[in-house]
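Open the model in your viewer and keep the selection tool at hand. The stops below go from the whole chain to single residues.

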Amino acid sequence: LGLDAPPDGAAPAIDPDGFRWPLWLWLALGVSFGALLGFGPATSWAGLAGAAILLIGLLCASAVDLRSHWLPDLITLPLLWAGLLQAVMLGADVDARVLGAACGYGVLFAINQIYKLRSGQDAIGGGDLKLLAAIGAWGGPWILPFVVIAASSLGAIAGALLMARGTHDSTSAFPFGPCLAAVGAAAVLGGEPVFGDYLFLVGGP
């Protein structure tokens, strides 16, 4: 994507010629269109546009994190604000979306601080915190417990497979962003048809 992790204290290096937006754009649009068609004929064009924006952001964030182990503010922060703007434009519960963003950041921040007190080092990067905040801004606070637990489980499985192949060990850095993105997309786009029982248990809409 043309985004490489910047050296300490330096600004992010962006190579405009390295961006390959058309590939990710068409892939995101295809996936979002297919997902939304599965929810019935009542799907609106506004919902389709929102899904496309969400998936473009999550796909780009995942690609950069896999390549550089870095989630840039250039992607996560606009994605967060886009989720809040979508709530305003569609007449959704804006307060719930704001709470989702705050809780998304706060949950991982608290987990990281507890780990840091015990080990003296960070377990979660700041970009992961902002990415979960963006997911909360799109889906509200109700999806966050599912996203954190499912993404952690997915990450543990992926890490175990990589260790079994000998490409990683227990000290190797592992990009958590793609796990958050995959589960977050499923949680936000799935909604009532997919997560109806879960939303009922946590008191969601």
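## Whole chain

Start with everything selected: of the 205 residues in the protein chain, 40% are buried. The model is a predicted one. Colour by secondary structure next. The protein chain holds 7 helices and 2 strands. Follow the sequence and the order reads β-β-α-α-α-α-α-α-α.

How much of the contact count comes from residues 24 or more positions apart? Among contacts in the protein chain with a separation of 6 or more, such residues account for 68%.

## The nonpolar core

Select L58, L131, V147 and L180. These residues have the most contacts inside the largest nonpolar core, which has 38 residues. Now show the elements that give two or more residues to this core: helix 2 (45-68), helix 3 (73-90), helix 4 (94-119), helix 5 (126-139), helix 6 (144-165) and helix 7 (177-202).

Centre on V147. Which residues does V147 contact, leaving aside neighbours within four places in sequence? They are L132, I135, L180, V183, G184 and A187.

## Helix 3 against helix 5

Packing comes next. Two packed helices are described by the angle between their axes and by the distance between those axes.

Select helix 3 and helix 5. Their axes are 7 Å apart, and the packing angle is about 15 degrees. An angle under 35 degrees counts as roughly parallel, so helix 3 is roughly parallel to helix 5. The crossing of this pair is left-handed.

Show the side chains at the contact:

- From helix 3, pick D73, T76, L77, L79, L80, A82, G83, L84 and Q86.
- From helix 5, pick G127, K130, L131, A133, A134, A137 and W138.

Colour these by class. The contact of helix 3 with helix 5 has 10 nonpolar, 4 polar and 2 charged residues.

## Helix 3 against helix 4

Keep helix 3 and swap its partner for helix 4. Parallel or antiparallel? The two pack at about 165 degrees, with axes 9 Å apart. Angles over 145 degrees count as roughly antiparallel, and helix 3 and helix 4 are therefore roughly antiparallel to each other. Their crossing is right-handed.

Select L80, G83, L84, Q86, A87 and V88 on the helix 3 side. Across from them in helix 4 are V94, R97, V98 and A101. By class, the contact of helix 3 with helix 4 divides into 7 nonpolar, 2 polar and 1 charged.

## Helix 5 against helix 6

Now select helix 5 and helix 6. The axes come within 10 Å and cross at roughly 140 degrees. That angle makes helix 5 oblique to helix 6. The crossing is right-handed.

Helix 5 brings L132, I135 and G136 to the contact, and helix 6 brings L144, V147 and V148. The class split for helix 5 with helix 6 is 5 nonpolar, 1 polar and no charged. V147 was the centre of an earlier stop, where L132 and I135 were among its contacts.

## Loop between helix 2 and helix 3

Zoom to the loop between helix 2 and helix 3. Select H69, which lies in this loop. H69 is not a glycine, but its phi is positive, about 55 degrees. With a relative accessibility of 41%, H69 counts as partly exposed.

Move along to P72, placed in the loop between helix 2 and helix 3. Buried or exposed? P72 is buried, at a relative accessible area of 2%. Add D128 and draw a distance between the C-alpha atoms. P72 and D128 are 56 residues apart in sequence, yet 9.7 Å apart in space.

## Two more residues

Select F109, in helix 4. F109 counts as partly exposed, at 39% relative accessibility. Its C-alpha atom is separated by 6.6 Å from that of L129, and the two residues are 20 residues apart along the chain.

Finish at L189, in helix 7. L189 has a relative accessible area of 15%. Buried means under 20%, so L189 is buried. Add L54 for the last distance. The C-alpha atoms of L189 and L54 are separated by 9.3 Å, and the residues are 135 residues apart along the chain.

Technical notes: Residues numbered from 1 in each chain as written. Predicted model: local features only at pLDDT ≥ 70, side-chain atom pairs only at ≥ 80, totals over all residues. Heavy atoms only, no water. Core = buried A, V, L, I, M, F, W, Y, C linked by side-chain atoms within 4.5 Å. Buried < 20%, exposed > 50% of the residue type's maximum accessible area, 1.4 Å probe, protein only. Helix = DSSP H or I, 4+ residues; strand = E, 2+ residues; numbered from the N terminus. Contact = heavy atoms within 4.5 Å. Axes fitted to C-alpha atoms, helices over the stretch in contact; angles between N-to-C directions. Parallel < 35°, antiparallel > 145°, perpendicular 65-115°, else oblique. Left-handed = near helix turned anticlockwise from the far one by under 90°. Nonpolar A, V, L, I, M, F, W, Y, C, P; charged D, E, K, R; others polar.
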